[in-house]
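Here is a friendly walk through one protein model, going from strands and sheets to disulfides, rings and a glycine. Have the viewer open as you read.

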Amino acid sequence: MSKSNPSTSRCSVRAGLASGAALSVVVAAAMSAPAYAAGISVATNPPAGPEGEATSITVSAASEWLNGVTSPFVTFSIPTCQTTYNATAQTEKVGADITTTVGNVLSTNTRKVTNNMLAVTVPAAVVTEAANNALQKWNVCVYQSSDTGAAQIGFGSYSVGVKATLDSVTPNSGPSGGGSTITVTGGGFPTTVGTTGIKSVTIDGVPLTGIKSLGNGAFSAVTPPHSAARDLTLAVTTPTGTVYMQNAYTYQFGVAAAPNTTPNESKFVDLDVTGSGFLNFDFNGAPGDAGAHIYLSQGPYDPAPDAVTPTNKANPGVAECSDVLVISDNEVICRLHMLALDPTNTEFQLRAARTITTGNATTVAPDLLTSNDPAITFSAEDLGMPVTQAGNPEVAANSTIIKVISPTQVQLSEDLVDDAVTTADVVVGAPRAAIAATAGNGDTTLTAVTAGTITANDIGRPLTPAGNIQKGTVVTSVSAPNAGVVTVGISRPTGGTVAAVEVNERVQVPDGAYTLTVVNNGTLDAQDTDAQYNNSIISSAATFTVADY
């Protein structure tokens with residue numbers, strides 16, 4: 001390679017690693033020795049720098065090894081230092097003469113700072129011939145003066161290498177949860193990783209892990225978690241210094257969930273959601289409010305007004321993971337209620353009662369009801385739901401479904417009045433209204449509920465948002481009966497005193513593949529009305545499946 005000659009100017013020195021700035025190296029003595037000793041051993045700090053640049057170093061020792069020395073002189077030699085400043089030490093081997101075993105460069109700027117320290121300019125002619133961007137070791141030879149025959153008073157080492165350059169980062173964006181493998185291309189990269197190779201790689205000051213050399217022109221590394229942010233700076237540190245690439249990487253708001261699937265008949269599933277920036281979010285507000293929310297969406301969640309019904313979201317969440325517990329900035333736990341949300345995302349869909357018209361149901365003694373209407377089928381969601389018939393010609397009053405035998409047949413809690421084809425409409429799943437219950441303002445339990453009016457079958461069912469019951473409220477627990485009453489847990493605090501509640505049948509989340517989406521604002525049109533609006537990206541890690549199994 002082409003080598004430049006040392007500079008002949010003398011200048012003051014300053015510590016630093018940036019390009020064009022002075023690079024400082026501290027050389028500390030390994031043992032105490034009097035001045036003029038035949039070369040005390042010294043150590044360098046930092047031990048390396050970029051080749052071909054007139055940089056500056058400081059050289060020091062623990063002892064006052066420079067006491068009485070007025071004009072010290074330094075050479076940089078690939079062979080071992082000479083014990084005196086003799087003809088060999090005085091003869092430069094620079095440029096094309098330098099090999100991995102031959103080289104001698106005289107410093108043009110050696111300055112005594114204290115009896116312990118020198119300031120020395122490393123000439124630009126101190127270069128490397130090492131392969132694969134490895135460091136080239138040069139001996140630092142300190143003499144009493146530049147007079148012929150002057151004694152060697154100290155020796156250490158300083159290494160130089162090719163300064164790294166940065167060209168590209170691929171991919172240049174990824175989820176905020178980290179874990180993405182990126183490839184950095186450029187030049188001058190050492191082919192090893194560690195103190196003598198690629199020392200560290202950071203994005204916005206946060207270290208990457210799993211650094212692997214791909215040759216002297218590229219390496220790979222794994223991104224750490226980071227809050228969503230654009231155009232961050234990549235920094236790569238090698239023994240020759242740190243180089244930077246601005247606008248190198250963007251963290252998109254990404255999340256992942258475990259587990260990532262559930263049967264469609266589940267009432268709820270608790271999720272461990274990982275991502276970043278959760279400490280900045282305000283979860284557990286009202287459904288669809290300006291706080292943060294965790295939704296299941298089919299395709300990209302879109303809070304813009306629907307073109308046909310502007311009060312609905314264009315692509316709303318189909319279910320919400322609520323009861324959020326923030327574990328850390330990178331993790332939350334939430335409960336995904338398998339209840340379909342309405343298109344405004346402000347409340348659950350409430351299932352309408354189903355009517356089996358006259359003649360389309362058969363009653364079989366003592367307590368079985370069969371639907372002959374293909375549009376009316378039964379599922380586990382019907383357990384506990386009332387079955388009523390005007391006039392009760394076949395179905396007894398106060399009947400509820402206690403067992404689903406098949407999609408077309410259920411067992412009722414009360415014996416049938418008659419065993420026949422029905423002679424009046426049979427209504428299945430009408431809300432159970434006016435169930436007496438007691439609660440104060442802000443309570444999450446209902447007391448004094450008559451046993452049997454709300455049972456364990458109702459866990460996961462929504463309550464009608466009326467009588468100070470908030471939107472998005474579901475039954476979370478039912479205690480064992482005590483003196484004829486039970487205590488019922490509910491998912492949201494009441495908005496005032498409660499005297500009665502209404503239990504609805506669930507509208508299940510349909511089977512399918514969904515995306516878990518975290519938003520910092522759940523209101524309609526938030527993407528246009530909130531300048532800080534952000535939602536997580538679609539990724540394979542955010543996929544959630546609801547299946548019939």
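## Strand E19 and its two partners

The model shown here is predicted, so treat this as a tour of a computed structure. A good starting point is strand E19, residues 241-252. Strand E12, residues 173-175, pairs with E19 in the parallel sense, and three bridges connect the two. To find this pairing in the viewer, look for Pro175, which stands opposite Gln252 in E19.

E19 also pairs with strand E18, residues 229-238. Here the two strands run antiparallel, joined by seven bridges. E18 and E19 form a hairpin, with two residues between them. Thr238 stands opposite Gly241 in E19. E19 thus takes part in a parallel pairing with E12 and an antiparallel one with E18.

## The sheet E4-E8-E7

Next comes an open sheet of three strands, in the order E4-E8-E7 and with antiparallel pairing. Which strands stand at its edges? They are E4 (55-60) and E7 (110-112); each has a single partner strand, so one side of each is left without a neighbour in the sheet. From one strand to the next, the twist averages 20°.

Within this sheet, E4 and strand E8 (residues 117-122) run antiparallel and are joined by six bridges. Val59 stands opposite Leu118 in E8, a handy pair for checking the register.

## The sheet E28-E34-E31

Another open sheet is formed by three strands in the order E28-E34-E31, again with antiparallel pairing. Its edges are strand E28 (354-356) and strand E31 (387-389), each of which has a single partner strand, so one side of each is left without a neighbour in the sheet. The twist averages 25° from one strand to the next.

E31 and strand E34 (residues 426-428) run antiparallel, with three bridges joining them. In this pairing, Gln389 stands opposite Val426 in E34.

## Disulfides

How many disulfides does the structure hold? There are two, and with bonded cysteines counted along the chain they follow the pattern 1-2, 3-4.

Cys81 and Cys141 form a disulfide with their sulfur atoms 2.0 Å apart. The link of Cys81 and Cys141 is left-handed, with -85° about the S-S bond. Cys81 lies in the loop between strand E5 (73-77) and helix H1 (87-90), while Cys141 is in strand E9 (residues 136-143), so the pair ties together parts that are 60 residues apart in sequence. Are these cysteines buried or exposed? Cys81 counts as buried because its relative accessibility is 13%, and Cys141 is buried too, with a relative accessible area of 1%.

Cys321 and Cys334 form a disulfide as well, and their sulfur atoms are 2.1 Å apart. The torsion about the S-S bond of Cys321 and Cys334 is about 95°, so this disulfide is right-handed. Cys321 lies in strand E26 (residues 319-328) and Cys334 in strand E27 (residues 331-337), so the pair ties together parts that are 13 residues apart in sequence. Cys321 counts as buried at 1% relative accessibility, and Cys334 is buried with a relative accessible area of 1%.

## Aromatic rings

A pair of aromatic rings is described by the distance of the centres and the angle of the planes. Taking ring centres within 6.5 Å as the cut-off, the count comes to nine aromatic pairs. One aromatic cluster is formed by Phe253, Phe278, Phe281 and Phe283.

A charge also meets a ring in this model: the charged end of Arg335 sits over the ring of Phe268, 3.9 Å from its centre.

## Gly291 and its surroundings

Where is Gly291? Its place is in the loop between strand E22 (268-274) and strand E23 (293-297). Buried means under 20% relative accessible area, and Gly291 counts as buried because its value is 11%.

Leaving aside residues up to four places away in sequence, Gly291 touches Asp282, Val519, Asn520, Asn521 and Gly522. Phe281, a member of the aromatic cluster, is 10 residues from Gly291 in sequence and 7.3 Å away in space, C-alpha to C-alpha.

Methods: Residues numbered from 1 in each chain as written. Predicted model: local features only at pLDDT ≥ 70, side-chain atom pairs only at ≥ 80, totals over all residues. Heavy atoms only, no water. Pairing = 2+ DSSP bridges. Helix = DSSP H or I, 4+ residues; strand = E, 2+ residues; numbered from the N terminus. Axes fitted to C-alpha atoms, helices over the stretch in contact; angles between N-to-C directions. Phe/Tyr/Trp six-rings, centres within 6.5 Å; stacked < 30°, edge-to-face > 60°. Lys NZ or Arg CZ within 6 Å of the ring centre and 35° of its normal. Buried < 20%, exposed > 50% of the residue type's maximum accessible area, 1.4 Å probe, protein only. Contact = heavy atoms within 4.5 Å. Disulfide = S-S within 2.5 Å.
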